[in-house]
Structures are given as C-alpha cells and as structure tokens.
Amino acid sequence: MPIIQDWIPPTRENYETLLFGWQIAYPIIGSLQWVIKWYGMGKTSEASPLNIPGRIAWMAMECPGFLTLLYIMRTLPAEHGITDLPWQNLVLAGLFVIHYLNRAVIFPLIQPSMAPIHISVAAMAMGFQVCNATSIASWLAAYGPVTAEAWKSQSSIPQFALGLLVFYAGLAGNYFHDEELREIRRREQRRQDKIRAEQGKNGDSDVAQAPITKHYAIPEAGLFRYMLFPHYFCEWIEWLGFWIAAGLTCTPARAFFINEVFSMLPRAVNGKAWYIAKFGEDKVGKKWAVIPGVI
C-alpha cells in the first residue's frame, strides 16, 4: 500500500517532477540563511511556545529519511517487475541507512544535552529528509541502473570502491568531531557535578540543586584546530563519496550533495560570527568556518 498514492513510492513522472523541484527549491531555501540570521535550534535557539524538546524533535525530523528509503526500496521494485537489484544498489542504500541510523537515532540519544528545536525548523528538516530519501530511493529501486550491465557504464568497480573509501573517511571524521563536541559538555558536567557535591557537603542545598546551564567552548581536537565546523565538512565528504560511488551522472546523489552544502555553509559562516561574538576574535583566531583556506 503506498503511503501517498503515486508519490511515495512515486511514479516515474512524479519522480522526475520531484527531482526537478528538489534541485531548485532547496538550494534557494538554504540560501535564505545568508539574509535570515534566525535559526531556531542549537546555539541560537530561543524560548518559544512552538519549541519541541530537542531529542524528540531531532528524531522526528531525521528518522523519516531512512524509513522512507527503506519503504521505497522494498515496494517500488515489485511495481516494476524487478526481483533482484544489483549489489551496488543495496550497498548504496546501506550507506544511507548507516549514516542516518547514527544521525537520527544514536546521535540524539547519546548527546549530553540538546537545545529545544522550533517546530518550523523541524518541519523544514523533515521535508528535506522525505524529498531526499524519495529521490535517492527511487533511483536505487527502479529509475536508475537496475542491472549489472547498466552499472558498467554508470560507475566502474574502482570508482565505486573509491567512493566507499571517501564515504567512510567522512563518516569517521563526522563521528570523531561530534564526539569532541559532546566531550566538551561532559567535561563541564563533571566539573559542575564536583562543585555541587562539595557545596552540598557544606550544606548549601540551594546551590547543589541548581540546574546545569548549557556550556560552550572552542574545541581544538582534530580538524577543529583549523576550522570551527569540521563535522559539517566531514558530512560533505561522506556524500561526495556517495556521489562518486553512484556515478557522477547520478542526479539524486549530486542534488543531495549540493543541497547539503547550500544548507550548511551559511549556517557555518553565521556560526563563526556567533563564536566571535561570544568568545572574541582573539580566541577564535585564524580558524576557518568550514573549508580550510576558503571560508
């Protein structure tokens, strides 16, 4: 049973319509962040009755991506009489699921804390996930190369292997730098817990029960020595590897990579301005925002 008749999973005509809009609409939407500084999550989140608790909002807006892909991969081939997809299609689908199992499920569960997320930001992110997963899954399930012969002209084995290496390098870098950001909060949590314990022993119960405030610092490990948002940069590396493996003519993979850059680049540049305003230009130093030697 389709989730949305003729759209999830889509007919070929609707797939092409979605892909056309996906390539145009989201780069425009992402570019609005250059002129609209408000971003209702993370460092710049503000109190609002429309805020959703961070962990709940994060999972709700990220999980539809890999769930949509799995659904389409299961249902669309049968609609087109495809009984056995090439291994390349399955591997690429697996890469997508691996990334988002970490990003959508594990990431919010292991965060020491998460700021609330405005419902409008969550809705936009959910739309991004569904559009992206539908376009990629449809290409993998029926509308891209679905035979071993078709893959010979789409992406050679060496090219596919190179793409996998690039993807996993980006995935490892993304996880490493996310973990460094988590460790900053863990260190602060341990420091405040120690202070509370000592003050509690002295009978200062009011201080001992005071809430822990969110803590920010300038990270220094790994690529943080050179830029402020290496986790963004490494995520781009991941999806560049995915695009390489899928073949440079794979429009959904190319659109995803471009949309990621258009969405995250202004966020990183605005984030650098936030770091400078909070810590001062001297402490931020000569760190780049997200691309060493460029921006």
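1. Is the crossing of helix 1 and helix 9 left-handed or right-handed? In this predicted model, the crossing of these two helices is left-handed. The contact is made on one side by Tyr 15, Leu 19, Trp 22, Gln 23, Tyr 26, Pro 27, Gly 30 and Ser 31 of helix 1, and on the other by residues of helix 9, among them Thr 251, Arg 254, Phe 256, Asn 259, Phe 262 and Pro 266. Sorted by class, the residues of this contact comprise ten that are nonpolar, six that are polar and one that is charged.

2. The geometry of this pair can be stated further: helix 1 covers residues 12-31 and helix 9 covers residues 251-279, and the two pack at an angle of about 15 degrees with their axes 8 Å apart. Because angles under 35 degrees count as roughly parallel, helix 1 is described as roughly parallel to helix 9.

3. A second helix pair deserves a reading alongside the one above. The axes of helix 6, which spans residues 157-201, and helix 8 come within 7 Å and cross at roughly 165 degrees. Helix 6 is therefore roughly antiparallel to helix 8, since an angle over 145 degrees falls in that class. The crossing of helix 6 and helix 8 is left-handed, and their contact has 14 nonpolar, eight polar and three charged residues.

4. For the chain as a whole, the model has ten helices and two strands, which follow one another along the sequence in the pattern α-β-α-α-β-α-α-α-α-α-α-α. The C-alpha atoms fill a box of roughly 75 × 45 × 35 Å along the principal axes. Of the 295 residues, 46% are buried, and among contacts with a separation of 6 or more, 83% join residues that are 24 or more positions apart.

5. On confidence, the protein chain averages a pLDDT of 92, and 96% of the residues score at least 70. Confidence is highest in helix 8 (residues 230-246), at a mean of 98, and lowest in helix 7 (residues 205-208), at a mean of 50. Over residues 207-212 the pLDDT stays under 50, and for this stretch the model has ten contacts beyond four places in sequence. Where pLDDT is low, predicted coordinates should not be read in detail.

6. The segment before helix 1 contains several details that a reader may wish to inspect. Met 1 lies in this segment and counts as exposed, because its relative accessibility is 90%; its C-alpha atom is separated by 33 Å from that of Leu 248, which is 247 residues away along the chain. Asp 6 also has its place in the segment before helix 1, and with a relative accessible area of 35% it is partly exposed. Phi of Asp 6 is near 70 degrees, a positive value in a residue other than glycine. Pro 9 lies in the segment before helix 1 as well, and the peptide bond that leads to Pro 9 from Ile 8 is cis, with omega near 0 degrees. As background, most residues other than glycine have a negative phi, and most peptide bonds are trans.

7. Finally, one residue of helix 1 can be placed individually. Ile 29 lies in helix 1 and is partly exposed, since its relative accessible area is 32%. Ile 29 and Phe 107 are 78 residues apart in sequence, and their C-alpha atoms are 25 Å apart in space.

Note on methods: Residues are numbered from 1 along each chain as its sequence is written. This is a predicted model: local features need pLDDT of at least 70, side-chain atom pairs count only at pLDDT 80 or more; totals for chains, interfaces and linings use all residues. Side-chain values use heavy atoms; hydrogens and water are left out. Axes are lines fitted to C-alpha atoms, for helices over the stretch in contact, and angles run from 0 to 180 degrees between N-to-C directions. Helices (H or I, at least four residues) and strands (E, at least two) are DSSP runs, numbered from the N terminus. Angles under 35 degrees count as roughly parallel, over 145 as roughly antiparallel, 65 to 115 as roughly perpendicular and the rest as oblique. A crossing is left-handed if the near helix is turned anticlockwise from the far one by less than a right angle, and right-handed if clockwise. Contact means heavy atoms within 4.5 Å. Ala, Val, Leu, Ile, Met, Phe, Trp, Tyr, Cys and Pro count as nonpolar, Asp, Glu, Lys and Arg as charged, and the others, Gly among them, as polar. pLDDT is the predictor's confidence in each residue, from 0 to 100. Buried means under 20% relative accessible area, exposed over 50%, partly exposed in between (1.4 Å probe, protein chains only).
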